[in-house]
Amino acid sequence: MMGASVLCAEKTRSPPVKVLSSQLREGKECQTSSGRSEYIIRRLGAGERSSLQVSMVWMQGTVLEVQPDHNTVLILDETGNFLVSGINSVPKGKPCLNPGKYVMVMGVIQSHNPEPVLRAVKMADLSENALIHRKNWIYEVEDLQQILP
């Protein structure tokens, strides 16, 4: 029964926002009226310097270290490390959990400082076109953040 309530809570979240680990590290935690934690981050881009409120994020980076006994993986993006928990329960997540693989992670923010921690919801291996994904990632993040209200 607990699983059903967690699932309902997940469905009420906003769609994931593409972010960099540095944005989470520099962000501020706040509580929604329902008591759920969200994070206020500074929007990327040359335009308006407003903030975004996020709880579910999409991040990409290179796998540095896998700790299956701790159910975690350490990933490096262009701005630093972040930790992903819950890897043993993510469908199709295990095949991409090898050091050096370039992966995407969608997850719920568990903490942001000193190092961001996500609880994984989805993972995918992007290693086949890693050079292209890595090169374009910061532009994808900035473009999305500039068009979000």
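## Chat about salt bridges and rings

Biologist: Quick one to start: at what relative accessibility does R36 sit, and what does R36 count as?

Modeller: R36 has 22% relative accessibility, so it counts as partly exposed. Keep in mind that this is a predicted model.

Biologist: Does R36 have a charged partner, I mean, which residue forms a salt bridge with R36?

Modeller: That's E38, and the closest N and O atoms of the two are 3.4 Å apart.

Biologist: And E38, buried or exposed?

Modeller: Buried, because E38 comes out at 11% relative accessibility and the buried class is anything under 20%.

Biologist: How many salt bridges are there by this rule?

Modeller: Three. Besides R36 with E38, there's K18 with E140 and K101 with D125.

Biologist: Start with K101. How far apart are its closest N and O atoms from D125?

Modeller: The closest N and O atoms of K101 and D125 are 3.2 Å apart. K101 is in the loop between β7 (80-85) and β8 (102-111), while D125 belongs to strand β9 (residues 117-125), so that pair links distant parts of the chain, 24 residues apart.

Biologist: What do K101 and D125 count as for burial?

Modeller: K101 is partly exposed at 25% relative accessibility, and D125 is partly exposed too, at 35%.

Biologist: Now K18. Where do K18 and E140 sit in the chain?

Modeller: K18 is in strand β1 (residues 17-18) and E140 is in helix α3 (residues 130-147), with their positions 122 residues apart in sequence. Their closest N and O atoms are 2.9 Å apart.

Biologist: And what are the relative accessible areas at the two ends of that bridge?

Modeller: K18 has 16%, which makes K18 buried, whereas E140 has 26% and is partly exposed.

Biologist: Which ring does K18 lie over?

Modeller: W58. K18 lies over the face of that ring, 4.7 Å from the ring centre.

Biologist: OK, aromatics then. How many aromatic pairs does a search of the whole structure find?

Modeller: One. It is made by W58 and W137, whose ring centres are 6.4 Å apart.

Biologist: Why is that pair called stacked?

Modeller: Because the planes of W58 and W137 are at 25°, and planes under 30 degrees apart count as stacked.

Biologist: Which elements hold the two rings?

Modeller: W58 is in strand β5 (residues 56-67) and W137 is in helix α3, so the pair also links distant parts of the chain, 79 residues apart. W137 is buried at 0% relative accessible area, whereas W58 is partly exposed at 24%.

Biologist: Changing topic: where is Q23 placed?

Modeller: Q23 is in helix α2 (residues 21-25). With a relative accessible area of 5%, Q23 is buried.

Biologist: Which residues is Q23 in contact with, leaving aside its neighbours within four places in sequence?

Modeller: I41, R42, R43, L44, V141 and Q145.

Biologist: Zooming out, how many helices and strands does the protein have?

Modeller: Three helices and nine strands. From the N terminus, the order is α-β-α-β-β-β-β-β-β-β-β-α.

Biologist: What share of the residues is buried?

Modeller: 43% of the 149 residues. The accessible surface is about 8,300 Å², with 57% of it belonging to carbon and sulfur atoms.

Biologist: And of contacts between residues at least 6 apart, what share joins residues at least 24 apart?

Modeller: 59% of them.

Key: Residues numbered from 1 in each chain as written. Predicted model: local features only at pLDDT ≥ 70, side-chain atom pairs only at ≥ 80, totals over all residues. Heavy atoms only, no water. Helix = DSSP H or I, 4+ residues; strand = E, 2+ residues; numbered from the N terminus. Buried < 20%, exposed > 50% of the residue type's maximum accessible area, 1.4 Å probe, protein only. Contact = heavy atoms within 4.5 Å. Areas by Shrake-Rupley, 256 points an atom, 1.4 Å probe, with all protein chains shown as cover. Salt bridge = Lys/Arg side-chain N within 4 Å of Asp/Glu carboxyl O. Phe/Tyr/Trp six-rings, centres within 6.5 Å; stacked < 30°, edge-to-face > 60°. Lys NZ or Arg CZ within 6 Å of the ring centre and 35° of its normal.
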